[in-house]
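Biologist: I would like to go through this protein step by step. Could you take my questions in turn and explain how each answer is reached?

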Amino acid sequence: MNRFTCLGLCALLAFASTSVAQSKPGIAGHWEGSINAPSQELKVIIDLDRDASGAWIGDIDIPDQMVRDLPLRNITVSDDSVSFELPVGAGEPKFKGKLSTDGTTLAGDFTQGGSTVPFSLKRTGDAKVFVLPKNQALPDKFAGRWEGTLDAMGGTLHLVFNLANKAGAAEGTIDSPDQGAVGIPMSEISADGDSIKITVRTVSGEYKGKLGEDGKVLSGEWSQGGSSMALVLKKSAPPKN
């Protein structure tokens, strides 16, 4: 083999190596796997992607807990490492993982309440992050903080509904302090006269209520998992500006 042939082959090999490195899949994708908790394996499905502005977005499904499309927060990506938090759950649940050399596996630690367990996810396709629809603006009478108590399974559950108009569209979240859940997103919000309908895709829930004459009480029903329960909400604060 002469010198010129060697140089040509070396250049070809170098180009091929560079092409493989450049084509390695990144953090964005549809990931499926489990959290290896001591008592059980908990299946999780995670989607990670960038939005039109380049910012990272993502959500998580936890089928065993009937949670789907729960938005992730504080997503941080650096080279092959990623970390993100869940907006619900006591003990500040957080994932921190690293992408494998071939880009097919994302593995690391899941931390909650001071305990840490391993997790492992396999890439199964392209990202499918659920983006909340844009709702029409609500009448001002519905905007604000609403609190009530749900009687469920022999116990009570304190719920807080936060409703507001932002950039000309209705937005809302639900807090469940007793469960350590803050900021569960409302997906669809609509009003007709004194009636309001709220869909919470993340937990497959729905609320239908009607505003009282004084404008301070919503009386209605919360539906979830095939069951419906009365839920009265009282306005405890005006909307945040």
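Modeller: Let us begin inside the protein, bearing in mind that this is a predicted model. Phe95 and Phe119 are both buried.

Biologist: What kind of aromatic pair do Phe95 and Phe119 form?

Modeller: The ring centres of Phe95 and Phe119 lie 5.0 Å apart, and the angle between the planes is 75°. Planes over 60 degrees apart count as edge-to-face, so the pair formed by Phe95 and Phe119 is edge-to-face.

Biologist: Which strands hold Phe95 and Phe119, and how many residues apart are they?

Modeller: Phe95 belongs to strand 7, while Phe119 belongs to strand 9, which covers residues 115–125. The pair therefore links distant parts of the chain, and the separation along the sequence is 24 residues.

Biologist: How many aromatic pairs does the structure hold, and how are the rings of Phe84 and Phe95 arranged?

Modeller: The structure holds five aromatic pairs. In the one made by Phe84 and Phe95, the ring centres are 5.0 Å apart and the planes meet at 25°, so this pair is stacked.

Biologist: Where along the chain do Phe84 and Phe95 lie, and are they buried or exposed?

Modeller: Phe84 lies in strand 6 (residues 81–85) and Phe95 in strand 7 (residues 94–99), eleven residues apart. As for their surroundings, both Phe84 and Phe95 are buried.

Biologist: Which residues form the aromatic cluster?

Modeller: Phe95 takes part in a pair with Phe119, and Phe95 also pairs with Phe84. The one cluster that they belong to has the members Phe84, Phe95, Phe110 and Phe119.

Biologist: In what order do the nine strands of the open sheet lie?

Modeller: The nine strands form an open sheet with antiparallel pairing. In general, strands of a sheet pair through backbone hydrogen bonds. Read across this sheet, the order is 4-3-2-1-9-8-7-6-5.

Biologist: Which strands stand at the edges of that sheet?

Modeller: A strand at the edge has a single partner strand, so one side of the strand is left without a neighbour in the sheet. That applies to strand 4 (67–71) and strand 5 (73–78).

Biologist: How many bridges join strand 3 and strand 4, and which residue of strand 4 stands opposite Ile62?

Modeller: Strand 3, made of residues 56–62, pairs with strand 4 in the antiparallel sense over three bridges. Opposite Ile62, the residue in strand 4 is Val67.

Biologist: With which strands does strand 11 pair?

Modeller: Strand 11 (residues 144–152) runs antiparallel to strand 12 (residues 155–166), with nine bridges between them, and Ala152 has Gly155 as its bridge partner there. Three bridges join strand 11 to another antiparallel strand, made of residues 227–237, where Glu147 has Lys234 as its bridge partner. The strands asked for are strand 12 and strand 19.

Biologist: Why does Val217 count as partly exposed?

Modeller: Val217 is found in strand 18, which spans residues 217–224, and its contacts include Trp146, Val232 and Lys234. Buried means under 20% relative accessible area and exposed means over 50%. Val217 falls in between, and therefore counts as partly exposed, because its relative accessible area is 23%.

Biologist: How much of the whole protein chain is buried?

Modeller: The chain has one helix and 19 strands, and its accessible surface comes to about 13900 Å². Of the 241 residues in the protein chain, the buried ones make up 34%.

Conventions: Residues are numbered from 1 along each chain as its sequence is written. This is a predicted model: local features need pLDDT of at least 70, side-chain atom pairs count only at pLDDT 80 or more; totals for chains, interfaces and linings use all residues. Side-chain values use heavy atoms; hydrogens and water are left out. Helices (H or I, at least four residues) and strands (E, at least two) are DSSP runs, numbered from the N terminus. Buried means under 20% relative accessible area, exposed over 50%, partly exposed in between (1.4 Å probe, protein chains only). Accessible areas come from the Shrake-Rupley method with a 1.4 Å probe; for residues, only the protein chains shown count as cover. Contact means heavy atoms within 4.5 Å. Two strands pair if DSSP finds at least two bridges between them. Rings of Phe, Tyr and Trp (its six-membered ring) pair if their centres lie within 6.5 Å; planes under 30 degrees apart count as stacked, over 60 as edge-to-face and the rest as tilted. Lists of a residue's contacts leave out its neighbours within four places in sequence.
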